[in-house]
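Got your viewer open and a cartoon view ready? Let's walk through it stop by stop.

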Amino acid sequence: IVYVNDGYEKAIYRIDAKKGDYSSWKGQNSAVLPIGEGLNGLDYAKGKLYLSQGQNIRVLDAETGKELTTIAIADPGDIEASADGTPYVISAGKQVLRLKDDGKTEPVVSGLKNACGLAIGKDGEIYVGLLDPDNQVQVFGQDGKLIRSIGKKGGRPLFGPWEPDGMRFINALKVDSKGKLWVAEKDDKPKRISCWDSQTGNFINEFFGPTDYGATGGAISSMDPMVMFGSGCEWKLDKETGKAAC
């Protein structure tokens, strides 16, 4: 089951990934569960949903949607469960907390600045996305010590030539089963998801789009039909491969 945060409807809903269809909450005739405003993080672990909302982590039964308990957290942000089901959460953009089985928390990583985006590798390493001035992902051990950084320090510039090895406006992270780090950036100039080697930090690939509705503000160059402008960027189309580069 995939759990989706619908910020517009102020709800979360369930989707059956195998069937490609909605999956109703147990005991209800709807896949939609109203939760109110301000959801900053969502993850699943051991039959429970963990929601970062307000000044609390709300713990719900993942089958029924019934609220089981709440855990007080200062300004909770992104939340991520490790391979063993232990939830971690960013608090106030300054530290990463571990949620214990007894409902208490303990700090794991402290001294952060503008932390936004959290992922846990299968080896337990903690990946934290940092906004300005760092604009990169830092990786910490379970002892809270910095192991390595991923992405150009300071990030890519807002103007000038495109630098794919720099991040900007990091919003969400995930480490997949093959050890690749995926980074979603909350930007529209351009919209980008980047992919990195989580161990070496090497840049692998990037994915752009889509445009604004109707691709407003986009134009093809009158001097070179292989050059286009859109989303605040210039794009060059390779006529041999059909692929465009920023």
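Here is the tour, starting with the ground rules.

This is a predicted model, with local features needing pLDDT of at least 70 and side-chain atom pairs counting only at pLDDT 80 or more, while totals for chains, interfaces and linings use all residues. Residues are numbered from 1 along each chain as its sequence is written, and side-chain values use heavy atoms, leaving out hydrogens and water.

**Stop one: a sheet.** Select β5 (39–45) and β8 (67–72), the edge strands, each pairing on one side only. They belong to an open, antiparallel sheet of four strands ordered β5-β6-β7-β8. Strands here are DSSP runs of E, at least two residues, numbered from the N terminus; a pair needs at least two DSSP bridges. Now add β6 (residues 48–53), joined to β5 by six bridges; Gly-41 has Ser-52 as its bridge partner there.

**Stop two: the largest pocket.** Keep Gly-41 selected and add Asn-40, Asp-78, Asn-171 and Ala-172: of 32 lining residues, these five lie nearest the centre. A pocket is an open set of points on a 1 Å grid over the protein atoms alone, where a 1.4 Å probe fits, with protein on both sides within 12 Å along at least five of seven lines; lining residues have an atom within 4 Å of a point. Elements giving two or more residues to the lining include β1 (2–6), β5 and β9 (76–81).

**Stop three: a hairpin.** Select β22 (residues 227–230) and β23 (residues 233–237), antiparallel and joined by four bridges. Met-228 pairs with Trp-235. In the two-residue turn, Ser-231 has a positive phi of about 55 degrees.
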